[in-house]
Amino acid sequence: MTAILNETPARQMRAYWSGVLAMTLCAFALVASEFMPVSLLTPVSHDLGVSEGLAGLGMAISGAFAVVMSLSLSTLAGSMNRKYLLLGMTVLMAVSGLIIALAPNYPLYMAGRALIGVAIGGFWSLSAATAIRLVPLHQVPRALAIFNGGNALATVVAAPLGSWLGSTIGWRGAFFCLVPVALIAFVWQWFSLPAMSTENNRRRSGSVFSLLKTPLVAKGMAACGIFFMGQFALFTYVRPFLETVTVVSAPILSLMLLIIGVAGFIGTLLIGTFLQSGFYRTLIVIPLVMALITAALMGFGHSLTAVAILLGIWGLVATAAPVGWWTWVARTLPDDAEAGGGLMVAVVQLSLALGSTVGGLAFDYSGWQTTFALSGALLITAALLAFFTSRNDTHNRSSS
C-alpha cells in the first residue's frame, strides 16, 4: 500500500462527508463562476467598451491559467498543508468575483478571470488527492461523484441563472452573488476539512510530465484526452445543430439544454454503482454509447422526439464520465494523486479546446455531418484506448 493509504486504521475508517459536501459547494461555485460569462457577454462587452469577442476571451484566459496552475501546483505548494491550500483557492474565487463585479475596465476584468482560472486549476488538481484523504478507499468514487455533482448542477444552472440575474440586478450583481457563496464554502471547509499535512506523504520528485513515462498512465491520459476531444467536438455545436437541423424554437432549445443538464446530474449520482461493478467496462462503454448517439443523431436529426431522447442519454453518460476518470487517477496514482490530478486537468482543458476548435473547423467548412462523424471516430478511439489501458492495468496487477 502507498504512503497515503498507510495511515492509521482509525484515520482510514473515518469518513469526512461534511468536508466532501463543503468541497462540492466550492466546486459548484467555481464552475458557476467559470461559465457565468456565457450568458452575460453582451452586457459585459457594452459596459467595458469592448467587442463581444474580446469579452469572450475571459473564458479563454481562465482556461489557460487553469492549465498553468494544474501543471505547477505540486511544485509550487511543496509541503503546504492541503487544507489551507484549498482554503486559499476558495479565497481566490471570492476575490475574483469581487474584482470582476467592481472592474472599471477590461484589463481588471481579465485579471479577475485569470484568478478564477488559477482557483479552478488548483481545486481540481487537488480533488482526487483530497478524496483519498477524506474517505476510505472504497468510497473514493462516491466522493468524486458528489464533487462532480456540484459541477454538473452548476453547468445546468449557470447560464440561465446568470441571464436572469443579469437582467434583474445587472451583470456586475450577477458576479457579486458568487462572492457570498464562496465565503460560505470557505467557512464550511474550514470547520469540516481535517488537517492534510504532506510532511509524511511527499510526492516523488520530478516533473508532472514524468508520470507519462509509465505506460499505464500514458495510455489512460490519452484515452481521457481523446474522449473529451470527441465529446466537445460535437457538444460545442449542439445549439446550431438544434437550430438548423432539428429546427427548434428558442423555448424548445432551452428545454433541450435543460434535459441534457438534468440527465447529466442524474448520471453523476448513478455512475458510482457502475464503476464498482465494472470499472474499466464503464470507461469503455460510455464513449461507445456516445459514438452510437452521434450516428443516430446523423440519421434522426430532424425528429424532435428522437433528438430529445438521444441528447438526454448523451447528457446522462457524458457528464458522468469525468467521475470515472478522476476515480482512475485516485486508483492508479494514489501516492501521486496531486501530480496525476494536475496532469488530468491539463489534459482535459487542452482536449476541450482542441476538440471544439477541430469540430468548429469541420462544421464551418464541411458541415455538421462531418463534425458529428469526427466526434464519433474520436469516441471510438477513446474506447479502444480505454480497453488497452485496462489490459495494461490488469497485466500490472497480475504481475505485482
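Here is a walk through the inside of this protein: its core, its cavities and its cysteines. Keep in mind that you're looking at a predicted model.

Let's start with the core. The largest nonpolar core takes in 119 residues, and the helix that gives the most to this core is α6, with 15 residues. If you want a few places to click, the residues with the most contacts inside the core are Y109, W124, L242, L297 and M344. As general background, nonpolar side chains in soluble globular proteins tend to be buried together.

Y109 is a handy one to zoom in on. Leaving aside residues up to four places away in sequence, Y109 touches P37, V44, L48, A55, G58, I100, A103 and W171. Keep I100 in mind, as it turns up again below in the lining of the second largest cavity.

Now for the empty spaces. There are two cavities of 30 Å³ or more. The largest has a volume of about 50 Å³, and its lining is made of A223, F227, L283, I286, P287, A321, W325 and A382. Three helices each supply at least two of these lining residues: α9 (215-235), α12 (279-300) and α14 (321-332). The largest share, three residues, comes from α12. Sort the lining by class and you get eight nonpolar residues, with no polar and no charged ones.

The second largest cavity holds about 40 Å³ of space. Around it you'll find S33, S96, G97, I100, R113, I116, F175 and L178. Two helices, α5 (82-102) and α6 (106-134), give two or more residues each to this lining, and α5 has the largest share with three. The class split here is four nonpolar, three polar and one charged. So much for the cavities.

Last stop: the cysteines. How many disulfides does a search of the whole structure find? The count is zero. C26 makes a good example of why: its sulfur is 17 Å from the closest cysteine sulfur, which belongs to C177, and that is too far for a bond, given that a disulfide needs the two sulfur atoms within 2.5 Å.

Is C26 buried or exposed? C26 counts as buried because its relative accessibility is 2%, and the cut-off for buried is under 20%. C224 counts as buried too, because its relative accessibility is 0%.

How values were computed
Residues are numbered from 1 along each chain as its sequence is written. This is a predicted model: local features need pLDDT of at least 70, side-chain atom pairs count only at pLDDT 80 or more; totals for chains, interfaces and linings use all residues. Side-chain values use heavy atoms; hydrogens and water are left out. On a 1 Å grid over the protein atoms alone, a cavity is a set of points where a 1.4 Å probe fits but cannot get out, and a pocket is an open set with protein on both sides within 12 Å along at least five of seven lines; lining residues have an atom within 4 Å of a point. Grid points are joined across faces, edges and corners, and a volume is the space filled by probe spheres set on the points. Helices (H or I, at least four residues) and strands (E, at least two) are DSSP runs, numbered from the N terminus. Ala, Val, Leu, Ile, Met, Phe, Trp, Tyr, Cys and Pro count as nonpolar, Asp, Glu, Lys and Arg as charged, and the others, Gly among them, as polar. A nonpolar core is a set of buried Ala, Val, Leu, Ile, Met, Phe, Trp, Tyr and Cys residues joined through side-chain atoms within 4.5 Å. Buried means under 20% relative accessible area, exposed over 50%, partly exposed in between (1.4 Å probe, protein chains only). Contact means heavy atoms within 4.5 Å.
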